[in-house]
Amino acid sequence: TNDMYFVTNATERMRIDATGAVTMPLQPAFLVVPGSNQSGFASNNSETTINFTSEIFDQNSDFNTGTKTFTAPVTGRYQLNIAIRTDNVPNNITYFLMRVKTSNREYLLNIFDTRVWDTNSGFYSFTGAALADMDAGDTALVLIKQNGGDANAITISTDGAYFSGYLVA
């Protein structure tokens with residue numbers, strides 16, 4: 001073939017194939033999903049870390065399912081993408097929000113005031129993205145906050161939920 005390889009210490013770092021497609025097998029990239037539904041959120045305005053505990057892939061092993069945290073292996077800009085689905089959302093909470101917290105910045109991705117509903121909602125989906133400037137060793141995790149209402153009502157569904165990220169530059 002006409003593939004070109006860039007190798008150091010007998011490990012392939014980058015490949016340009018005959019069509020011009022570039023792949024980097026050690027480029028930081030991950031996709032994780034919740035291992036199970038999650039409920040029991042604090043209603044006293046505290047935050048809960050979303051239980052992203054099942055890896056679809058973790059190229060470079062930078063996501064820790066025990067702490068639900070991504071750790072940047074090198075300094076750079078990381079594209080972070082999040083989606084969650086909440087079930088059994090009561091209309092008596094003041095608001096709930098989702099954000100990504102990194103070591104040096106917080107990214108508010110979505111906030112919703114459920115009091116606009118006349119009745120409880122069957123579900124509500126959050127999506128968001130952030131281009132995060134991270135130093136080597138910085139961490140990122142996804143948090144949800146509920147203000148008011150029943151702490152045991154809302155459930156984070158495994159259906160359609162994910163947290164992904166990759167090094168952009």
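Which residue forms a salt bridge with E106? It's R99, and the closest N and O atoms of the two sit 2.4 Å apart. Bear in mind that this is a predicted model, so the distance is a computed one.

Look at how the two partners sit relative to the surface. R99 is buried, at a relative accessible area of 10%, while E106 is partly exposed, at 46%. The pair doesn't stand alone either: E47 joins R99 and E106 in a network of salt bridges. As background, side chains of opposite charge can pair when their charged atoms come close.

Now step back to the whole structure, where a search turns up five salt bridges. One to pull up next is R77 with D133, whose closest N and O atoms are 3.7 Å apart. With the cut-off at 4 Å, that distance counts as a salt bridge. R77 belongs to strand β10 (residues 76-89) and D133 to strand β13 (residues 121-134), so this contact ties together parts that are 56 residues apart in sequence. As for accessibility, R77 is partly exposed at 41%, and D133 is partly exposed at 39%.

Then there's R85 and D87, whose side chains meet in a salt bridge at 2.8 Å, N to O. Here D87 is the buried partner, with a relative accessible area of 14%. R85 comes in at 23% and counts as partly exposed, because buried means under 20%.

Key: Residues numbered from 1 in each chain as written. Predicted model: local features only at pLDDT ≥ 70, side-chain atom pairs only at ≥ 80, totals over all residues. Heavy atoms only, no water. Helix = DSSP H or I, 4+ residues; strand = E, 2+ residues; numbered from the N terminus. Buried < 20%, exposed > 50% of the residue type's maximum accessible area, 1.4 Å probe, protein only.
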